[in-house]
Amino acid sequence: DTLNLRSRVMSSIPNASTAAATMTTGNTTLDSLLALLTFTFAQLERIFYKVPGSAVLARYVRSSHQNDPGRTVLELILIAFAVRTLMQSRSRDKSQGKMINFTEKEVDELIDEWTPEPLSAPLSEWEQRELASVPVISGPNGPKPKLLSTGKTVVNLASYNFAGLAGNEHVKERAIETLRRYGLGSCGPPGFYGTIDVHLDLEKDIADFLGTESSILYSQGFSTISSVIPAFCKRGDIIVADRAVNFAIQKGIQISRSTVRWYDHNDLRSLEEVLISVEKERRKRGGPITRRFIITEGIFERDGEMVDLPKLIELKHKYKYRLILDEGISFGSVGRTGRGLTELYNVPASQIDMLVGSVANGLYAAGGFCAGSTTVTEHQRINGTSFVFSAAMPALLAVVGSEAISYLRNTPSALAALQENIAAVRAVLEKTDGITLVGHWASPIVHFYLKTHSPANGATNGTTATVIPPPSGPSFDYESEEKVLQDIVDDALSNGVLITRAKRLRGQEMVETRPTIRIVVTAALTRKEVEKAAGVVRSSVGRVLGKLKRA
């Protein structure tokens with residue numbers, strides 16, 4: 001037994017030596033592999049840092065991982081998913097794992113059988129009629145344009161030409177000179193290479209005209225107010241706005257993602273109640289004081305009503321709100337020289353934090369502006385989306401705007417003539433049976449709606465002159481009234497007067513206002529011409545409503 005044990009021990013010694021040798025060889029191989037990997041990663045790192053911007057990316061990944069490791073894991077998962085999606089074929093038969101091959105005959109048959117879906121729903125009979133009724137102007141627009149279909153000259157009470165600048169010969173000559181000097185387009189956004197000296201001149205002219213520190217120019221009228229609002233109002237801020245603000249303001253409020261409180265249309269008592277309730281809610285929940293804004297229009301595009309600016313500013317100071325005032329209609333049409341509500345009510349423009357106006361409406365050019373302090377305007381040069389990402393307006397339109405301001409400064413008689421024509425139009429239409437006029441006496445846009453409600457609703461004659469329905473909902477037949485109003489528009493056009501229905505985006509706007517006809521008064525016509533045109537509209541109303549009564 002002793003000899004057997006010794007022989008087994010002696011025989012195991014070579015085996016142990018072999019195992020040790022094998023282990024040493026394995027460690028050497030592993031060290032070589034690790035060294036190779038380390039060298040490879042070092043080479044990749046060196047190549048990576050040679051790429052421009054790689055240091056910024058590495059710093060971002062490092063700081064992101066330190067602050068939130070879970071985010072790093074999530075990003076890796078998303079990257080892996082994106083790579084997998086890109087590499088995965090979408091025309092593969094999963095059951096066979098092979099590509100589906102079609103013959104040319106099969107491809108042709110599939111194409112013949114395919115019927116594309118329409119890009120939009122077919123037009124209804126009413127939509128077809130509405131599209132066909134749009135008049136086409138031959139030649140330049142103005143107070144008396146010529147229709148392409150008939151060749152007749154009509155009186156234009158549909159276009160925004162408040163001060164009569166359309167067709168002004170001096171302005172036209174300056175525009176042609178600018179076109180020859182600068183060309184047509186600006187070829188870039190204002191913040192890059194789109195700003196020209198005439199743009200800066202117009203901004204300075206607007207600021208001097210209104211009496212503000214500074215102004216900023218936007219190339220599109222609609223996007224001006226819808227960019228100004230989200231430039232200052234953010235998530236968590238409070239916006240108190242009129243229920244009847246125009247669609248551009250609605251989109252700006254929506255983009256801002258702020259907390260919104262609405263008050264009744266042009267009712268400053270309702271506004272004050274909302275301001276009080278907002279403060280009570282804040283104190284009740286013990287929340288911090290956030291940025292707060294009041295947003296409204298000077299003259300409302302929907303119905304021509306005018307806000308009481310002195311009272312509005314009083315509430316703004318009392319409850320410590322900032323005021324964003326849209327003077328898209330009132331600028332260039334109200335006040336002795338067209339400076340808007342600030343001139344009409346003798347209120348310093350500095351009392352309004354952001355004064356927004358339309359260069360397209362008031363100055364008969366294009367675009368819009370925001371006037372205020374230098375801090376307000378300079379902030380928008382980085383944060384105003386429409387200013388940053390839209391091409392600057394053509395130089396000739398900027399010159400037209402500056403010339404229009406000079407015209408308003410030196411020709412106050414134009415605004416006096418405009419107010420006389422407004423009074424003449426209202427005097428004729430107020431005597432018209434079957435319609436109700438709405439809006440302020442100084443507003444250059446005059447709206448009227450049908451006094452008798454649709455019999456389908458069982459309603460009686462309206463007594464409140466407003467196009468905004470109560471919160472309980474409208475009590476009129478929208479489609480029926482639209483068709484009657486279009487008949488009036490068509491009849492007036494056939495008798496030489498161009499007017500239009502106030503067009504709305506049904507289903508997209510916050511409030512569905514009552515259908516109206518909108519008349520735009522201009523200083524380019526004489527008082528007799530305006531009275532005659534208003535008489536034609538009055539006769540058209542009588543004829544159309546008379547046919548309805550007899551039917």
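This note goes through a predicted model point by point, from confidence to strands, cores and charged pairs.

1. **Confidence.** The model is predicted, so start with pLDDT. The mean for the protein is 88. Of its residues, 89% reach 70 or more. One stretch needs care: residues 453-463 have pLDDT below 50. Beyond near neighbours in sequence, that stretch has 18 contacts in the model.

2. **Strand β12.** This strand covers residues 368-372. All 5 of its 5 residues are buried, so β12 is largely enclosed by the rest of the structure. Both faces are covered. G368, C370 and G372 are buried on one side. F369 and A371 are buried on the other.

3. **Partners of β12.** Two strands to check here are β6 and β11. Strand β6, residues 214-218, runs antiparallel to β12 and is joined to it by 5 bridges. Within that pairing, I216 has C370 as its bridge partner. Strand β11, residues 354-358, also pairs with β12 in the antiparallel sense, over 5 bridges. There, S358 stands opposite G368. As background, strands of a sheet pair through backbone hydrogen bonds, either parallel or antiparallel.

4. **Cysteines.** How many disulfides does the structure hold? The count is 0. Two cysteines show opposite settings. C187 is exposed, because its relative accessible area of 65% is over the 50% cut-off. C370 has a relative accessible area of 0% and is buried. C370 is also one of the β12 residues covered in point 2.

5. **E203 and its surroundings.** E203 sits in helix α8, residues 197-210. Is this glutamate buried or exposed? E203 counts as buried, because its relative accessibility is 9% and the cut-off is under 20%. Leaving out residues up to four places away in sequence, E203 touches S215, I216, L217 and R381. I216 is the residue whose bridge partner in β12 is C370. R381 is taken up again in point 9.

6. **Nonpolar cores.** The largest nonpolar core has 91 residues. V240, L271, F369, F448, I499 and I519 touch the most other members. Helix α17, residues 395-410, gives the most to this core, with 8 residues. Apart from it lies another core, of 22 residues. Its members include A248, I249, I253 and F293. Back in the largest core, L271 touches V240, Y263, I294, L312 and L315, not counting residues up to four places away in sequence. F369, also on the list of most-touching members, is one of the two buried residues on its side of β12.

7. **The four-stranded sheet.** An open sheet of 4 strands runs in the order β13-β14-β17-β16, with antiparallel pairing. Which strands lie at the edges? They are β13 (435-438) and β16 (500-501), each of which pairs on one side only. Inside the order, β14 (residues 445-450) and β17 (residues 517-520) run antiparallel and are joined by 4 bridges. I445 has V520 as its bridge partner in β17.

8. **A buried charged pair.** The whole structure holds 27 salt bridges. R504 and E301 form one of them, with the closest N and O atoms 3.2 Å apart. The pair links distant parts of the chain, 203 residues apart. R504 is in the loop between β16 and β17. E301 is in the loop between β9 (292-297) and α12 (309-319). Both R504 and E301 are buried.

9. **Pairs within a helix.** R381 and E378 meet in a salt bridge at 3.1 Å, N to O. Both lie in helix α15, residues 374-383, and are 3 residues apart, about one turn of the helix. R381 is partly exposed at 21% relative accessibility. E378 is partly exposed as well, at 42%. In helix α20 (residues 527-550), E531 and R527 are separated by about one helical turn, because they are 4 residues apart. Their side chains meet in a salt bridge at 3.3 Å, N to O. E531 has a relative accessible area of 32% and is partly exposed. R527 is partly exposed too, at 41%.

10. **A charged network.** Salt bridges can also link up. E279, R282, R283 and R292 are joined in a network of them. In general, side chains of opposite charge can pair when their charged atoms come close.

Note on methods: Residues numbered from 1 in each chain as written. Predicted model: local features only at pLDDT ≥ 70, side-chain atom pairs only at ≥ 80, totals over all residues. Heavy atoms only, no water. Disulfide = S-S within 2.5 Å. Buried < 20%, exposed > 50% of the residue type's maximum accessible area, 1.4 Å probe, protein only. Core = buried A, V, L, I, M, F, W, Y, C linked by side-chain atoms within 4.5 Å. Contact = heavy atoms within 4.5 Å. Pairing = 2+ DSSP bridges. pLDDT = per-residue confidence, 0-100. Salt bridge = Lys/Arg side-chain N within 4 Å of Asp/Glu carboxyl O.
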